[in-house]
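Biologist: I am new to this one. Please show me the model, then let us talk it through.

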Amino acid sequence: MSLSLSLFLVDPEVARAVVGSGDVRVRRAIGGRFKQEMSRDDDYFAHEIENGAPTRYEALTAVVEGGPFEERHAFQYGYAYRMICAFHGRRLWGNSFSPFRFAWLGHVDEALKFLGIEAVTVSELGYRLPEPLPSADLPGHGVWSPDACAVALAQYEAVGEEQLAALDGDVREAVEELGTWLQEARTHPGRGIVGFLS
């Protein structure tokens, strides 16, 4: 099974504050901005919706209101939260992380450790959704805080060319791409990186 990592440069606290806020204006703004995307997603998940899953907009409404949630349709709330992060942030591209097999994240994490970059791991971007959202297998979710990004960037910038040259080509490319995400975070103080594995 192939996976993909969607990444957003966003203040994690701003995105998280939308959950349960009841902010109708924000919900409507997100719904308007992503209207076409939500329609495509509803077409894609038509079978699940026919079997009781909420539409993407219904899921967004539940996330903004803080519930109610249906555990068996947790994936819809995860994708709704991804829209919140996209709305409040900016997409980061990860060519090395789409598509890939799950073991790939572990290979990249091993390379990061070898290089002395230990403040972040790519595998942590695929865990649980923030509470009170129900847990979903996919999408997974994880956060690199602004502070973690700053420490990881310092570790990345301390890596020598010889160390990078010792990596397999695809792994090196992934590490260097990760470095560009961290550099983007530095140019936007207060923003971290939020990832969604799907």
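**Inside the sheet**

Modeller: Start with the two faces of β4. Gly-192, Val-194 and Phe-196 point one way, Ile-193, Gly-195 and Leu-197 point the other way, and all are buried (under 20% relative accessible area with a 1.4 Å probe, protein chains only; exposed is over 50%, partly exposed in between). Strands here are DSSP runs of E with at least two residues, helices are runs of H or I with at least four, and both are numbered from the N terminus. This is a predicted model: local features need pLDDT of at least 70, side-chain atom pairs need 80 or more, and totals for chains, interfaces and linings use all residues. Residues are numbered from 1 along each chain as its sequence is written, and side-chain values use heavy atoms, without hydrogens and water.

Biologist: In what order do the four strands of the open sheet stand?

Modeller: Strands pair if DSSP finds at least two bridges between them. Six bridges join β1 (residues 5-10) to β4, and Val-10 has Gly-192 as its partner. Five bridges join β3 (residues 140-144) to β4, with Gly-142 partnered by Gly-195. Pairing is antiparallel, and the order is β2-β1-β4-β3.

Biologist: Which strands have one side without a neighbour in the sheet?

Modeller: Look at the edges. Each edge strand has a single partner strand, so one side is left without a neighbour: these are β2 (90-92) and β3.

Biologist: Which element gives the largest share of the largest nonpolar core?

Modeller: A nonpolar core is a set of buried Ala, Val, Leu, Ile, Met, Phe, Trp, Tyr and Cys residues joined through side-chain atoms within 4.5 Å. The largest has 35 residues, and Phe-97, Trp-144, Val-175, Leu-182 and Ile-193 touch the most other members. Elements giving two or more residues include β1, α7 (103-115) and β4. The largest share, seven residues, comes from α10.

Biologist: Which residue in β4 stands opposite Trp-144?

Modeller: Trp-144 touches several residues distant by more than four places in sequence, among them Leu-182, Gly-192 and Ile-193 (contact means heavy atoms within 4.5 Å). The one opposite Trp-144 in β4 is Ile-193.

Biologist: How far from Arg-27 is the nearest side chain of opposite charge?

Modeller: Arg-27 is found in helix α2 (residues 24-33). Lys and Arg count as positive, Asp and Glu as negative; His and the chain ends are not counted. A salt bridge needs a side-chain nitrogen of Lys or Arg within 4 Å of a carboxyl oxygen of Asp or Glu. Arg-27 is buried yet has none, and Glu-65 is the nearest opposite charge, at 4.2 Å.
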